[in-house]
Amino acid sequence: MAMWDRIKDQAKGLQQQAQGARGGAGHGHAGAGSGGHGRPGGGSKAQLVSALKSQLSSLKTELKSGAYRDASMAMCALVAAADGNVDPAERQHVESLILNNDVLQNFPSEQLRQRFNKHVDQMSFNFQQGKAEALQEIGKAAKKPAEARAVVQTGFVVAGADGYIAPAEEQVLREACQVLGLPAQEFGL
């Protein structure tokens, strides 16, 4: 448990740095359409994503359950479809991120691909119903707090892969925190 506490302290420190970079301003929505300012705290979000990726890698040997695998694939699909649409290029990009993720290499790539695509297909057909099913799958990881946090971290890594976490992606990450019983503030949301 001491290792998880250390990781949590690192994430809190990065969150505080991110808030300081934003001048303490509320949530990280400042970047969306803010014109000339760019994305205040964008670099700090990138640092947070990088730290979460490192934390996930350090937990690789512990993250081998089917619940983590299934919830992570639902989380990745939810992030990919956060805006209600997944174009083929975006689907391929997220699938590539999944297959090249150090921690997710604990699982056969075909299992990951199948579960990810199942959720994306459901959300493409009926977004609200597919989203509800993905959140239900994510919620199954709540039984093990370390896995629950790892699911959200995986979502962050995928969402932040392009150097920016869109407001719609932040929203689905918050919703995932809610179904997992985790405080969204722990992740800077």
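This note goes through the helices, core and polar pairs of a predicted model.

1. **Helix H3.** H3 runs over residues 66-80. The helix has 15 residues and reaches 21 Å from its first C-alpha to its last, close to the 21 Å expected at 1.5 Å a residue. Of those 15 residues, 13 are buried, so H3 is largely enclosed by the rest of the structure.

2. **The nonpolar core.** The largest nonpolar core has 45 residues. Phe-116 and Ile-138 touch the most other members. Six helices give two or more residues each: H3, H4 (88-100), H5 (109-125), H6 (127-139), H7 (145-159) and H8. H3 supplies the largest share, ten residues. In general terms, nonpolar side chains in soluble globular proteins tend to be buried together.

3. **Around Phe-116.** What does Phe-116 touch, leaving out residues up to four places away in sequence? The list is Met-73, Cys-76, Ala-77, Ala-80, Arg-91, Val-94, Glu-95 and Ile-98. Charged residues are on that list too, namely Arg-91 and Glu-95. One of the contacts, Cys-76, has 0% relative accessibility and therefore counts as buried.

4. **Asp-70 and Arg-115.** The search of the whole structure returns ten salt bridges. One of them joins the side chains of Asp-70 and Arg-115, at 2.6 Å from N to O. The pair links distant parts of the chain: Asp-70 sits in H3 and Arg-115 in H5, 45 residues apart. Is each partner buried or partly exposed? Asp-70 has 18% relative accessibility, so Asp-70 counts as buried. Arg-115 has 23%, so Arg-115 counts as partly exposed. The cut-off for buried is under 20%. Both values lie close to that cut-off, so I would read the two labels with the percentages beside them.

5. **A pair inside H5.** Arg-113 and Glu-110 also meet through their side chains in a salt bridge, at 3.0 Å from N to O. They are three residues apart in helix H5, so about one helical turn separates them. An α-helix has 3.6 residues a turn, so residues three or four places apart point the same way. Arg-113 counts as partly exposed because its relative accessibility is 26%. Glu-110 is also partly exposed, at 48%.

6. **Helix H8.** H8 spans residues 167-180. The helix has 14 residues and reaches 20 Å from first C-alpha to last, close to the 20 Å expected at 1.5 Å a residue. Its buried residues are Glu-169, Glu-170, Val-172, Leu-173, Arg-174, Glu-175, Ala-176, Cys-177 and Leu-180. Charged side chains are thus on the buried list, including Glu-169 and Arg-174. After H8 comes Gly-181, whose phi is positive, near 75°.

7. **Glu-170 and Arg-174.** These two residues of H8 are four places apart, about one turn of the helix. They form a salt bridge, with the closest N and O atoms 4.0 Å apart. The cut-off is 4 Å, so this pair sits at the limit of what counts as a salt bridge. Both residues are buried. Elsewhere, salt bridges that share partners join Arg-69, Asp-70 and Arg-115 into one network.

8. **Glu-175.** Glu-175 lies in H8. Its relative accessibility is 15%, so Glu-175 counts as buried. What does the side chain of Glu-175 meet in a polar contact? The partner is the side chain of Lys-131, at 3.0 Å. Apart from residues up to four places away in sequence, Glu-175 touches Lys-131 and Leu-135.

9. **Glu-169.** Glu-169 is another residue of H8. Its relative accessible area is 12%, so Glu-169 is buried. Leaving aside neighbours within four places in sequence, Glu-169 is in contact with Val-79, Ala-82, Ala-159 and Tyr-164. Ala-159 is ten residues away in sequence, and the C-alpha atoms of Glu-169 and Ala-159 are 6.5 Å apart.

10. **Cysteines.** How many disulfides does the structure hold? The count is zero. Cys-177 has 1% relative accessibility, so Cys-177 counts as buried. Cys-76, at 0%, is buried as well.

How values were computed:
Residues are numbered from 1 along each chain as its sequence is written. This is a predicted model: local features need pLDDT of at least 70, side-chain atom pairs count only at pLDDT 80 or more; totals for chains, interfaces and linings use all residues. Side-chain values use heavy atoms; hydrogens and water are left out. The expected span of a helix is 1.5 Å times one less than its number of residues. Buried means under 20% relative accessible area, exposed over 50%, partly exposed in between (1.4 Å probe, protein chains only). A nonpolar core is a set of buried Ala, Val, Leu, Ile, Met, Phe, Trp, Tyr and Cys residues joined through side-chain atoms within 4.5 Å. Contact means heavy atoms within 4.5 Å. A disulfide is a pair of cysteine sulfur atoms within 2.5 Å. A polar contact is a pair of N or O atoms within 3.5 Å; within protein, one must be able to donate a hydrogen and the other to accept it, and residues adjacent in sequence count only if both atoms are side-chain atoms.
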